[in-house]
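Here is a short report on one protein model. Look at the sequence and the structure first, then read on.

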Amino acid sequence: MADTVRRPIMAGNWKMNLNHLEAIQLVQKLAFSLTEQQLNEVEAVVLPPFTDLRSVQTLVDGDKLAIRYGAQDISAYASGAYTGEISGAMLAKLGCTYVVIGHSERREYHNEDDALVNKKVKAALANGLTPILCIGEGLEVREAVGHVGHCCSQLDNALDGLTAEQVQKIVIAYEPVWAIGTGKTATPENAQEVCGAVRARLVEKYGKETADAVRIQYGGSVKAANIAAIMAQPDVDGALIGGASLDAEEFASICRYQEHVAR
Ligand SMILES: O=C(CO)COP(=O)(O)O
């Protein structure tokens, strides 16, 4: 275990689910289910669709909730004629702390490549937002045992041109594509193998101090029943949760992972 104490981060990626009224309900339930102390120990983050962000901001600010929130994507551009895009400045103005960048669904369905992901990471940092940078291999790469190389290459490309100081602020999410929404969770050892390799790569490129500060999440079919074993891995500092984050009780239970027995 590193010398640095990294605060665990559980982030719920709602994907294209829940309208702004449902968003309010879920965040209220979440706030009700987690004590102040639990929210001190673990950073709980919700990542709703863009259209929910204003409602979430109003609720979090109004009730002074210790829940952070962010967006699922960001434009690589600052402003201008980019129909349908949402800028980093707009997200910052809505009080977002985080933004997911390079999710495999965006890479697959919106043809986002590493170069675009790199631009988006820079756009986020320029606006004071923390990127949750997603990397992960598909089934073919995994079966050919190319997963570590694939993920490290995605990481190198996404962080191209950044300083160690900037890298320190980023959260990295390892999400093997074959484990997303499939019910096939990677084993804790699978998760540790890649998260450990990512940290080793960060040590190599930016030094130990930076690498020790970076939080690395695992994502892919995470639920209350498997979170404890995943969190028991030395290089896993949290989870990026899809389906299970749509249920406030389940997500709260994931945030309370310390109360579960690893199995
Ligand atoms: O893609 C994910 C989170 O970003 C994982 O989704 P599931 O938890 O539904 O597998």
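Leaving aside its neighbours within four places in sequence, H103 touches two residues: it is in contact with Q72 and C134. The model is a predicted one, so keep that in mind throughout, since local features need pLDDT of at least 70.

**The two marked residues**

Where does H103 sit? Its place is the loop between strand 4 and helix 5 (104–109). UniProt, in an unreviewed entry, gives H103 and E175 the feature "active site". The two are spread over 73 residues of sequence, yet they cluster in space, with a largest C-alpha distance of 8.4 Å.

E175 also belongs to a loop, the one between strand 6 (171–174) and helix 10 (188–206). Leaving aside neighbours within four places in sequence, E175 is in contact with S104, C134, G136, I180, G219, G220 and L240. C134 is thus a contact of H103 and of E175.

Is H103 buried or exposed? H103 is buried, because 27 other C-beta atoms lie within 10 Å and the cut-off is 20 or more. E175 is buried too, because 29 other C-beta atoms lie within 10 Å.

| Residue | Loop between | Other C-beta atoms within 10 Å |
|---|---|---|
| H103 | strand 4 and helix 5 (104–109) | 27 C-beta atoms |
| E175 | strand 6 (171–174) and helix 10 (188–206) | 29 C-beta atoms |

**The strands leading to H103**

Now follow the chain towards strand 4. Strand 2 (residues 43–47) and strand 3 (residues 68–71) run parallel, joined by two bridges. In one of these pairings, V46 has Y69 of strand 3 as its bridge partner. Between these strands the chain passes through helix 3 (residues 53–62), and this β-α-β crossover is right-handed.

What does strand 3 pair with next? Strand 3 pairs with strand 4 (residues 98–101) in the parallel sense, over two bridges. Here G70 stands opposite Y98 of strand 4. Helix 4 (residues 88–93) completes a right-handed β-α-β unit with strand 3 and strand 4. H103 lies in the loop that follows, between strand 4 and helix 5.

**Around the ligand**

Which residues come nearest to the ligand? They are N13, I180, G181, G242 and G243, out of 14 residues around it. The shell divides into five nonpolar residues, eight polar and one charged. I180 has a further role in this picture: this residue near the ligand is also in contact with E175.

Key. Residues are numbered from 1 along each chain as its sequence is written. This is a predicted model: local features need pLDDT of at least 70, side-chain atom pairs count only at pLDDT 80 or more; totals for chains, interfaces and linings use all residues. Two strands pair if DSSP finds at least two bridges between them. Helices (H or I, at least four residues) and strands (E, at least two) are DSSP runs, numbered from the N terminus. A crossover is right-handed if, with the strands pointing away from the viewer, the path from the first strand over the helix to the second runs clockwise. A residue is near a molecule or strand if its C-beta atom, placed from the backbone, lies within 6 Å of it. Ala, Val, Leu, Ile, Met, Phe, Trp, Tyr, Cys and Pro count as nonpolar, Asp, Glu, Lys and Arg as charged, and the others, Gly among them, as polar. UniProt positions are given in the numbering used here, feature names are shortened, and annotations may be inferred rather than shown by experiment. A residue is buried if 20 or more other C-beta atoms lie within 10 Å of its own, exposed if 12 or fewer, and partly exposed in between; C-beta atoms are placed from the backbone. Two residues are in contact if their C-beta atoms, placed from the backbone, lie within 7 Å.
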